[in-house]
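Biologist: Before we talk, please put the structure up. Then I will ask how each label is earned.

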Amino acid sequence: MNSTTTPSPDVHLIDCTKPAHASAILDILNDAIVTSTALYDYVPRPPSAMASWFAAKRAGGFPVLGAADAQGRLLGFASWGTFRAFPAYKYTVEHSVYVHKDCRGRGLGAWLMRALIERAKAADIHAIVGCIDAANAGSIRLHQQLGFVHTGTMPQVGFKFGRWLDAAFYQLTLDTPRTPIDG
(Lines give C-alpha, C1' and ligand atoms only; values in the text may rest on other atoms or scores of the structure.)
Protein backbone atom coordinates (compact mmCIF):
# COMPACT_ATOMS: atom_id res chain seq x y z
CA MET A 1 0.00 0.00 0.00
CA ASN A 2 1.38 3.43 -0.93
CA SER A 3 0.26 6.88 0.16
CA THR A 4 -2.45 6.95 -2.51
CA THR A 5 -3.83 3.47 -1.83
CA THR A 6 -6.34 3.61 0.98
CA PRO A 7 -6.50 0.89 3.63
CA SER A 8 -10.21 0.56 2.83
CA PRO A 9 -12.36 1.75 -0.10
CA ASP A 10 -14.49 3.90 2.20
CA VAL A 11 -11.52 5.79 3.72
CA HIS A 12 -10.10 8.97 2.24
CA LEU A 13 -7.38 11.44 3.13
CA ILE A 14 -8.43 14.91 4.27
CA ASP A 15 -6.84 18.09 5.53
CA CYS A 16 -8.30 18.61 9.00
CA THR A 17 -9.71 21.94 10.08
CA LYS A 18 -10.57 23.26 13.52
CA PRO A 19 -14.29 23.70 12.85
CA ALA A 20 -14.77 20.26 11.34
CA HIS A 21 -12.29 18.10 13.24
CA ALA A 22 -11.16 19.65 16.54
CA SER A 23 -13.65 17.66 18.59
CA ALA A 24 -12.73 14.33 16.98
CA ILE A 25 -8.98 15.02 17.31
CA LEU A 26 -9.51 15.97 20.96
CA ASP A 27 -11.37 12.69 21.58
CA ILE A 28 -8.53 10.68 20.03
CA LEU A 29 -5.87 12.59 22.00
CA ASN A 30 -7.75 12.39 25.28
CA ASP A 31 -8.23 8.64 24.91
CA ALA A 32 -4.46 8.31 24.37
CA ILE A 33 -3.82 10.44 27.46
CA VAL A 34 -6.00 8.41 29.83
CA THR A 35 -5.35 4.91 28.48
CA SER A 36 -1.77 4.85 27.18
CA THR A 37 1.74 6.19 27.35
CA ALA A 38 1.55 7.51 23.79
CA LEU A 39 1.26 10.98 25.34
CA TYR A 40 3.08 11.87 28.53
CA ASP A 41 0.14 13.97 29.73
CA TYR A 42 -1.92 13.12 32.82
CA VAL A 43 -5.13 15.09 32.38
CA PRO A 44 -7.43 15.13 29.35
CA ARG A 45 -7.28 18.38 27.45
CA PRO A 46 -10.27 20.72 27.49
CA PRO A 47 -11.99 21.70 24.23
CA SER A 48 -10.43 25.18 24.50
CA ALA A 49 -6.97 23.61 24.02
CA MET A 50 -7.77 22.88 20.39
CA ALA A 51 -7.85 26.57 19.47
CA SER A 52 -4.18 27.04 20.36
CA TRP A 53 -3.27 23.62 18.91
CA PHE A 54 -4.75 24.49 15.51
CA ALA A 55 -3.39 28.05 15.70
CA ALA A 56 0.15 26.69 16.19
CA LYS A 57 -0.30 24.31 13.24
CA ARG A 58 -1.59 27.12 11.04
CA ALA A 59 1.12 29.59 12.12
CA GLY A 60 3.86 27.07 11.38
CA GLY A 61 2.34 25.91 8.10
CA PHE A 62 2.15 22.39 9.58
CA PRO A 63 -0.24 19.88 8.03
CA VAL A 64 -2.94 18.05 9.93
CA LEU A 65 -3.88 15.06 7.79
CA GLY A 66 -6.86 12.91 8.60
CA ALA A 67 -8.30 9.58 7.62
CA ALA A 68 -12.06 9.91 7.28
CA ASP A 69 -14.68 7.31 6.46
CA ALA A 70 -17.50 7.72 3.93
CA GLN A 71 -19.65 9.41 6.58
CA GLY A 72 -16.90 11.93 7.33
CA ARG A 73 -16.00 10.42 10.71
CA LEU A 74 -12.34 11.02 11.61
CA LEU A 75 -10.59 7.68 12.13
CA GLY A 76 -7.11 9.01 12.79
CA PHE A 77 -4.77 11.91 12.11
CA ALA A 78 -1.10 12.74 11.62
CA SER A 79 0.75 16.01 11.88
CA TRP A 80 4.10 17.55 12.60
CA GLY A 81 5.38 20.51 14.52
CA THR A 82 8.60 22.26 15.45
CA PHE A 83 11.35 19.89 16.58
CA ARG A 84 13.34 22.54 18.44
CA ALA A 85 12.94 26.29 18.24
CA PHE A 86 16.39 27.15 16.85
CA PRO A 87 16.96 28.24 13.24
CA ALA A 88 19.37 25.45 12.32
CA TYR A 89 16.59 22.89 12.95
CA LYS A 90 14.42 24.41 10.21
CA TYR A 91 14.61 21.24 8.08
CA THR A 92 13.63 18.94 10.98
CA VAL A 93 10.15 18.30 12.35
CA GLU A 94 8.66 16.15 15.09
CA HIS A 95 5.59 14.24 14.02
CA SER A 96 2.72 12.43 15.67
CA VAL A 97 0.15 9.95 14.43
CA TYR A 98 -2.91 8.76 16.32
CA VAL A 99 -5.67 6.36 15.32
CA HIS A 100 -9.08 6.13 17.00
CA LYS A 101 -9.18 3.25 19.49
CA ASP A 102 -11.87 1.43 17.47
CA CYS A 103 -9.91 1.68 14.19
CA ARG A 104 -6.46 0.38 15.09
CA GLY A 105 -4.95 -2.54 13.22
CA ARG A 106 -6.44 -1.56 9.85
CA GLY A 107 -3.34 0.08 8.36
CA LEU A 108 -4.54 3.64 8.96
CA GLY A 109 -1.44 4.71 10.88
CA ALA A 110 0.90 3.56 8.12
CA TRP A 111 -1.29 5.14 5.44
CA LEU A 112 -1.39 8.47 7.28
CA MET A 113 2.36 8.36 7.86
CA ARG A 114 3.09 7.68 4.18
CA ALA A 115 0.96 10.68 3.24
CA LEU A 116 2.70 12.80 5.89
CA ILE A 117 6.11 11.76 4.56
CA GLU A 118 5.06 12.82 1.04
CA ARG A 119 4.00 16.20 2.45
CA ALA A 120 7.34 16.50 4.22
CA LYS A 121 9.21 15.90 0.97
CA ALA A 122 7.10 18.53 -0.77
CA ALA A 123 7.85 20.96 2.09
CA ASP A 124 11.62 20.36 1.80
CA ILE A 125 11.84 18.72 5.21
CA HIS A 126 15.04 16.72 5.72
CA ALA A 127 14.42 14.84 8.97
CA ILE A 128 11.22 13.59 10.60
CA VAL A 129 11.59 12.69 14.26
CA GLY A 130 9.23 10.65 16.38
CA CYS A 131 9.41 10.32 20.15
CA ILE A 132 7.83 6.99 21.11
CA ASP A 133 7.39 5.40 24.50
CA ALA A 134 9.99 2.61 24.40
CA ALA A 135 7.38 0.06 25.51
CA ASN A 136 5.08 0.88 22.57
CA ALA A 137 6.06 -2.05 20.35
CA GLY A 138 3.30 -1.40 17.81
CA SER A 139 4.37 2.18 17.14
CA ILE A 140 8.03 1.20 17.01
CA ARG A 141 7.25 -1.57 14.50
CA LEU A 142 5.21 0.85 12.35
CA HIS A 143 8.04 3.38 12.27
CA GLN A 144 10.66 0.76 11.46
CA GLN A 145 8.51 -0.55 8.58
CA LEU A 146 8.41 3.00 7.20
CA GLY A 147 12.19 3.31 7.28
CA PHE A 148 12.63 5.18 10.55
CA VAL A 149 15.76 4.26 12.48
CA HIS A 150 16.30 4.28 16.23
CA THR A 151 18.56 7.21 17.10
CA GLY A 152 18.53 6.99 20.88
CA THR A 153 16.58 6.33 24.05
CA MET A 154 16.33 8.58 27.04
CA PRO A 155 15.75 6.30 30.04
CA GLN A 156 13.29 7.17 32.77
CA VAL A 157 12.42 10.66 31.54
CA GLY A 158 8.69 10.23 32.10
CA PHE A 159 6.58 8.92 34.97
CA LYS A 160 3.02 7.76 34.37
CA PHE A 161 0.77 4.96 35.63
CA GLY A 162 3.14 4.41 38.57
CA ARG A 163 6.23 3.61 36.52
CA TRP A 164 9.19 5.26 34.83
CA LEU A 165 8.96 5.66 31.07
CA ASP A 166 11.75 5.59 28.51
CA ALA A 167 11.44 7.88 25.47
CA ALA A 168 12.79 6.31 22.27
CA PHE A 169 13.60 8.54 19.31
CA TYR A 170 13.14 7.37 15.73
CA GLN A 171 14.16 9.35 12.67
CA LEU A 172 13.50 9.23 8.96
CA THR A 173 16.02 11.17 6.88
CA LEU A 174 14.76 12.36 3.50
CA ASP A 175 16.74 13.46 0.44
CA THR A 176 15.18 16.92 0.60
CA PRO A 177 15.87 19.79 0.34
CA ARG A 178 18.02 19.56 -2.75
CA THR A 179 19.85 22.80 -1.88
CA PRO A 180 19.72 23.57 1.86
CA ILE A 181 20.76 27.04 2.97
CA ASP A 182 21.95 28.59 6.19
CA GLY A 183 19.99 31.39 7.79
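Modeller: Here it is, and keep in mind that this is a predicted model. Let us begin at Pro177, which lies in the segment after β7. Thr176 has its place in that segment after β7 (163–173) too.

Biologist: What is the peptide bond from Thr176 to Pro177, cis or trans?

Modeller: The bond is cis, with omega near -10°.

Biologist: Why is Thr176 called buried?

Modeller: Buried means under 20% relative accessible area. Thr176 has 8%, so it is buried.

Biologist: Which residues is Thr176 in contact with, leaving aside its neighbours within four places in sequence?

Modeller: Thr176 is in contact with Ala120, Lys121, Asp124, Ile125 and His126. Take Asp124 from that list. Asp124 is found in the loop between α3 (108–122) and β5 (127–133).

Biologist: Why is Asp124 called partly exposed?

Modeller: Its relative accessible area is 36%. Buried is under 20% and exposed is over 50%. Asp124 falls in between, so it is partly exposed.

Biologist: What is the phi of Asp124?

Modeller: Asp124 has a positive phi of about 60°, although it is not a glycine. Gln156 also shows a positive phi, near 55°, and is a residue other than glycine. Gln156 sits in strand β6 (residues 149–160).

Biologist: Now the rings. How many aromatic pairs does the structure hold?

Modeller: It holds 6 aromatic pairs. One of them joins Trp53 and Phe54.

Biologist: What makes the pair of Trp53 and Phe54 edge-to-face?

Modeller: The centres are 5.0 Å apart, and rings pair if their centres lie within 6.5 Å. The planes stand at 80°. Edge-to-face needs over 60 degrees, so the label fits.

Biologist: How do you know that Trp53 and Phe54 are buried?

Modeller: The cut-off is under 20%. Trp53 has a relative accessible area of 18%, so it is buried. Phe54 has 6%, so Phe54 is buried as well.

Biologist: Why is the pair of Phe77 and Tyr98 called tilted?

Modeller: Their ring centres lie 5.6 Å apart, with the planes at 35°. Stacked is under 30 degrees, and edge-to-face is over 60. The angle fits neither, so the pair is tilted.

Biologist: What makes this pair a link between distant parts of the chain?

Modeller: Phe77 is in strand β3 (residues 74–82), and Tyr98 is in strand β4 (residues 92–99). They are 21 residues apart. Phe77 has 1% relative accessibility, so it counts as buried. Tyr98 has 12%, under the 20% cut-off, so Tyr98 is buried too.

Biologist: Which residues form one aromatic cluster?

Modeller: Trp53, Phe54, Phe77 and Tyr98 form one cluster.

Biologist: Step back to the whole chain. How many helices and strands are there?

Modeller: There are 4 helices and 7 strands. From the N terminus on, they run β-α-α-β-β-β-α-β-α-β-β.

Biologist: How do you know that the radius of gyration agrees with a compact globule?

Modeller: For 183 residues, a compact globule would have a radius near 16 Å. The chain has 16 Å, so the two agree. The C-alpha trace spans about 45 × 40 × 35 Å along its principal axes.

Biologist: What share of the residues counts as buried?

Modeller: Of the 183 residues, 43% count as buried.

Technical notes
Residues numbered from 1 in each chain as written. Predicted model: local features only at pLDDT ≥ 70, side-chain atom pairs only at ≥ 80, totals over all residues. Heavy atoms only, no water. Helix = DSSP H or I, 4+ residues; strand = E, 2+ residues; numbered from the N terminus. Rg over C-alpha atoms; globule rule 2.2 N^0.38 Å. Buried < 20%, exposed > 50% of the residue type's maximum accessible area, 1.4 Å probe, protein only. Contact = heavy atoms within 4.5 Å.
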